[in-house]
Amino acid sequence: MGVRCTLLSMGRLLGFDVGAQRTGVASTDDLKLITTPLTTVDTPQAMKAIQDLIQGFECEGFVVGVPMLIGGGSTDSHPHIERFIQSLNKAFPDVPVHLVDEGNTSWEASAIQRAGGMKKSHRRQKGSLDPIAASLILRRYLDQSGPLG
């Protein structure tokens, strides 16, 4: 009986919690074991910010959170997310884009802030939830895709 060896690819994933005004950004480590909230960027300038972010590492893919309603309808955020995905595909044609349900990630991010002892004044700052929600979106993708992606 032979030994099966699987090589893990050594590129990071970037995750996004897209909004009309702001987009939260998170990253995995090279082994795709850990997700880390990075920053919040203005959605209209997101492609430039993403280009700047990926200068220092190999980006293996993008993960975008999309609200997936039980009834199959769309939300007010769908048009912004669709435009964002189209912009990603145009700006980075060789980088695959994966979609994952973003349901409740903002609520979970708020709970994480409270559990971590973040002061209410900091929690109320615009954009403070977005990178945490993006990190949760990445975590969901990793959990769904299994240990080898």
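These are my notebook entries on strand S2, its partner strands and the side-chain contacts around them, all looked up in a predicted model.

**Entry 1: strand S2 and its burial**

I began with S2, which covers residues 22-28, and asked how many of its seven residues are buried. I found that six of the seven are buried, so the strand is largely enclosed by the rest of the structure. For one residue of this strand, Thr28, I looked up the value itself: its relative accessibility is 3%, which is under the 20% limit, and therefore Thr28 counts as buried. I also followed the side chain of Thr28, and noted that it reaches the backbone nitrogen of Leu13 at 2.9 Å.

**Entry 2: the sheet**

I then turned to the sheet, and wrote down the order of its strands as S3-S2-S1-S4-S5, an open sheet of five strands with mixed pairing. The edge strands are S3 and S5 (97-101), since each of them pairs on one side only. I noted as well that neighbouring strands of this sheet are turned by 25° against each other on average, with direction ignored.

Next I went through the pairings one at a time. S1 (residues 12-18) pairs with S2 in the antiparallel sense over five bridges, and in this pairing Val18 stands opposite Thr23 in S2. The hairpin that joins S1 to S2 runs through three residues. On the other pairing of S2, I found S3 (residues 35-42), again in the antiparallel sense, with seven bridges; here the bridge partner of Arg22 in S3 is Asp42. S1 and S4 (residues 59-66), by contrast, run parallel and are joined by five bridges, and I noted Gly15 opposite Val63 in S4.

**Entry 3: the loop between S2 and S3**

The hairpin of S2 and S3 has six residues between the strands, and within it Lys32 takes a positive phi near 60°. Is Lys32 buried or exposed? I had the value checked against the limit: at a relative accessible area of 15%, where buried means under 20%, Lys32 is buried.

I followed the side chain of Lys32 to two partners. It reaches the backbone oxygen of Gly11 at 2.9 Å, and it meets the side chain of Glu60 in a salt bridge, with 3.3 Å from N to O. Since Lys32 lies in the loop between S2 and S3 and Glu60 in strand S4, the pair ties together parts that are 28 residues apart in sequence. Glu60, with a relative accessible area of 26%, is partly exposed.

Leu31 lies in this loop as well, and at 36% relative accessible area I recorded it as partly exposed. Leu31 also belongs to a nonpolar patch on the surface, which it forms with Met10, Leu33 and Ile34, and whose accessible area comes to about 390 Å² together.

**Entry 4: the salt bridges**

I counted five salt bridges in the model, and beyond the pair of Lys32 and Glu60 I looked up two further ones. As a reminder to myself, side chains of opposite charge can pair when their charged atoms come close.

In one of them, the side chains of Asp30 and Arg12 meet at 3.1 Å, N to O. This pair links distant parts of the chain, with Asp30 in the loop between S2 and S3, Arg12 in strand S1, and their positions 18 residues apart in sequence. Asp30 is partly exposed at 30% relative accessibility, and Arg12 is likewise partly exposed, with a relative accessible area of 27%.

In the other, the side chains of Arg22 and Asp130 meet at 3.4 Å, N to O. Which parts of the chain does this pair tie together? Arg22 lies in strand S2 and Asp130 in helix H5 (residues 130-145), so the parts tied together are 108 residues apart in sequence. I noted that Arg22 counts as partly exposed at 29% relative accessibility, whereas Asp130 is buried, with a relative accessible area of 13%.

**Entry 5: what I keep from this**

For strand S2 I keep its antiparallel pairings, with S1 over five bridges and with S3 over seven. From its own residues I keep the contact of Thr28 with the backbone nitrogen of Leu13 and the salt bridge of Arg22 with Asp130.

Key: Residues numbered from 1 in each chain as written. Predicted model: local features only at pLDDT ≥ 70, side-chain atom pairs only at ≥ 80, totals over all residues. Heavy atoms only, no water. Buried < 20%, exposed > 50% of the residue type's maximum accessible area, 1.4 Å probe, protein only. Helix = DSSP H or I, 4+ residues; strand = E, 2+ residues; numbered from the N terminus. Pairing = 2+ DSSP bridges. Polar contact = N/O pair within 3.5 Å; in protein donor to acceptor, adjacent residues only side chain to side chain. Patch = residues over 30% accessible without salt bridge, like charges linked within 9 Å, V, L, I, M, F, W, Y side chains within 5 Å. Areas by Shrake-Rupley, 256 points an atom, 1.4 Å probe, with all protein chains shown as cover. Salt bridge = Lys/Arg side-chain N within 4 Å of Asp/Glu carboxyl O. Axes fitted to C-alpha atoms, helices over the stretch in contact; angles between N-to-C directions.
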